[in-house]
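Please look over the sequence and the model below before reading the briefing, which is organised by topic.

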Amino acid sequence: MSPFDLPPDLRTRLRRLSLAPRAAAVLVGDGAHASRNRGGAMEFAQYRAYERGDDLRRIDWKLYSRSDKFFVRDAERESPVAIWIVLDASASMAQADLARPTWTRFDAARRLTAALIEIALLQGDRFGLVVAQERSPLVLAPSGDKRQRDRIRLEISPLKPGGAPHWDRDLKTLGERIAPGDLVIFITDGFDEACVAAAERLAASGRDVSFVQLLTGDERDFPFDSSLRFRDPENRAELAGDGRSLRADFLKRFGEARAALRARLESRGVRFAEHFADQDPDGPIQALARAAAVR
């Protein structure tokens, strides 16, 4: 299954989630931001087939009486908010768990991207993409139509993570393209200091920044019992050792490093969530929503 093919149960859970900016200036009504949101007293846009989780009040019963099928009325209004997904395509994003070698960290990042796009479409928000890679970054300007999802899928489906992005170089592109007040969501393993600094600088410049640290299950559990050679895919550094003897120290130090990264980013106004490649992507989205609610 492609990372962009979201299972039905996940789609149902995503319909209960939302992405909202912190800035009070773009909040309206009961907390949802002004957007191309469906429903309500807005200009009619189109009919679409009823999906589980839709508001029953939006079913067009006259159309049902003629077709014997359920349809809901979509309406739209222009969104002042753009959601930017900043996707890390560095070599370390190609890491996979030993138990699932065909599912990489980058596959999980693409699935999280698909989940964020699903929510943006449900909210009627514009969404864009930046892929940070060794060569110049790939940038797709925000759009709110469904074809934007297809454009992003077409661009990132064939991508292979490799090398190391130049975050210092790309920060200028991010600053020029992302407007103050836009939502920016970094999806990265968080191992590159320049990436972390870029998120901090964008937040300091008035952008609403979230940071999802995407880790593998092996990094969380360190389930290695035999002698192994660990290799950094970006700088080629190597470490040989016995997994069992390394486990306790690794888990302690890695846990401390994760906690320090969270504290550092949150102290600078960046929303933070952890995501593990062997888990569903609605978890970190829920965490980001809770972080926005307590601000």
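What follows covers the sheet, the burial of its strands, and the largest pocket.

This is a predicted model, in which local features need pLDDT of at least 70 and side-chain atom pairs count only at pLDDT 80 or more, whereas totals for chains, interfaces and linings use all residues. Residues are numbered from 1 along each chain as its sequence is written, and side-chain values use heavy atoms, with hydrogens and water left out.

**Sheet**

- Six strands (DSSP runs of E, at least two residues, numbered from the N terminus) form an open sheet in the order E7-E6-E3-E8-E9-E12, with mixed pairing, where two strands pair if DSSP finds at least two bridges between them.
- Strand E7 (138-143) and strand E12 (271-276) stand at the edges with a single partner strand each, so one side of each is left without a neighbour in the sheet.
- From one strand to the next the twist averages 15 degrees, with axes fitted as lines to C-alpha atoms and angles running from 0 to 180 degrees between N-to-C directions.
- Strand E3 (residues 82-88) runs parallel to E8 and is joined to it by five bridges, and Leu 183 in E8 is the bridge partner of Ile 83.
- E8 and E9 also run parallel, joined by six bridges, with Ile 187 opposite Val 212 in E9.
- Strand E9 (residues 208-215) is in turn joined to E12 by six bridges in parallel, and Gln 213 stands opposite Glu 274 in E12.

**Burial**

- In strand E8 (residues 183-188), six of its six residues are buried, meaning under 20% relative accessible area with a 1.4 Å probe and protein chains only.
- Leu 183, Ile 185 and Ile 187 are buried on one side of E8, and Val 184, Phe 186 and Thr 188 are buried on the other, so that both faces are covered.
- Five of the six residues of E12 are buried, so E12 is largely enclosed by the rest of the structure.

**Largest pocket**

- The largest pocket has a volume of about 1100 Å³, the space filled by probe spheres set on grid points that are joined across faces, edges and corners.
- A pocket here is an open set of points, on a 1 Å grid over the protein atoms alone, where a 1.4 Å probe fits and protein lies on both sides within 12 Å along at least five of seven lines; lining residues have an atom within 4 Å of a point.
- Of the 32 lining residues, Gln 95, Glu 219, Phe 230, Arg 231 and Phe 250 are the closest to the centre of the pocket.
- Six lining residues, the largest share, come from H8, a helix (a DSSP run of H or I, at least four residues).

How values were computed:
Buried < 20%, exposed > 50% of the residue type's maximum accessible area, 1.4 Å probe, protein only.
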